[in-house]
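Student: I am new to this structure and would like a close look at one part of it, namely the side chains that pair with one another. Could you take me through them slowly, keeping each pair together with its surroundings?

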Amino acid sequence: MSRFGVRTGGASDRAFVRISFRSPSMRVVVDLNRCQGYAQCCYAAPVHFEVRGHEILFYDPAPLETKRLPIERAQHACPVRAIAVEPAGLAEGDAP
């Protein structure tokens with residue numbers, strides 16, 4: 001069974017994420033195990049979240065601070081709360 005943001009069809013599942021090369025002020029994390037593909041984030045922030053093909057989610061994991069409002073709108077629109085917005089300086093496992 002495929003999940004939103006993961007393409008299946010081979011021996012392994014692969015997630016696709018757009019990578020940013022600028023100095024981020026926040027970090028966006030989408031839990032692809034929790035996401036059910038309702039795509040409400042795409043309606044709330046279409047510039048930052050996009051579904052391509054069969055349930056492949058593209059998003060900017062390191063947006064600038066000026067984009068916080070639409071990103072938080074997408075976070076709150078997610079019915080399964082799969083989107084987290086954190087400060088960029090946090091290491092994995094640190095509490096926000």
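Tutor: What follows goes through the aromatic rings and then the charged side chains. Please keep in mind that this is a predicted model.

Let us begin with the rings, where a search of the whole structure finds one aromatic pair. The ring centres of Phe 49 and Tyr 59 are 6.0 Å apart and their planes meet at 15°, and because planes under 30 degrees apart count as stacked, this pair is stacked. The two residues come from distant parts of the chain, since Phe 49 belongs to strand S4 (residues 49-52) and Tyr 59 to strand S5 (residues 56-59), with their positions 10 residues apart. Both Phe 49 and Tyr 59 are buried.

Another ring has a charged neighbour: Arg 52 lies over the face of Phe 58, at 4.0 Å from the ring centre. Arg 52 also takes part in a salt bridge with Glu 50, in which the closest N and O atoms are 3.1 Å apart. On the question of accessibility, Arg 52 has a relative value of 36% and therefore counts as partly exposed, while Glu 50, with a relative accessible area of 32%, is partly exposed as well.

That brings us to the charged pairs in general. Side chains of opposite charge can pair when their charged atoms come close. The structure holds four salt bridges, and one of them joins Arg 27 to Glu 86, with the closest N and O atoms 2.3 Å apart. Because Arg 27 lies in strand S3 (residues 26-30) and Glu 86 in strand S6 (residues 83-87), this salt bridge ties together parts of the chain that are 59 residues apart in sequence. Its two partners fall into separate accessibility classes, for Arg 27 counts as partly exposed at 23% relative accessibility, whereas Glu 86 is buried, with a relative accessible area of 17%. The cut-off that settles this is that buried means under 20% relative accessible area.

Finally, consider Arg 68, whose side chain meets that of Glu 65 in a salt bridge at 2.6 Å, taken from N to O. Arg 68 is partly exposed, with a relative accessible area of 24%, and Glu 65 likewise counts as partly exposed, at 40% relative accessibility. This pair does not stand by itself, because Glu 65, Arg 68 and Glu 72 are linked in a network of salt bridges.

Terms used:
Residues numbered from 1 in each chain as written. Predicted model: local features only at pLDDT ≥ 70, side-chain atom pairs only at ≥ 80, totals over all residues. Heavy atoms only, no water. Phe/Tyr/Trp six-rings, centres within 6.5 Å; stacked < 30°, edge-to-face > 60°. Helix = DSSP H or I, 4+ residues; strand = E, 2+ residues; numbered from the N terminus. Buried < 20%, exposed > 50% of the residue type's maximum accessible area, 1.4 Å probe, protein only. Lys NZ or Arg CZ within 6 Å of the ring centre and 35° of its normal.
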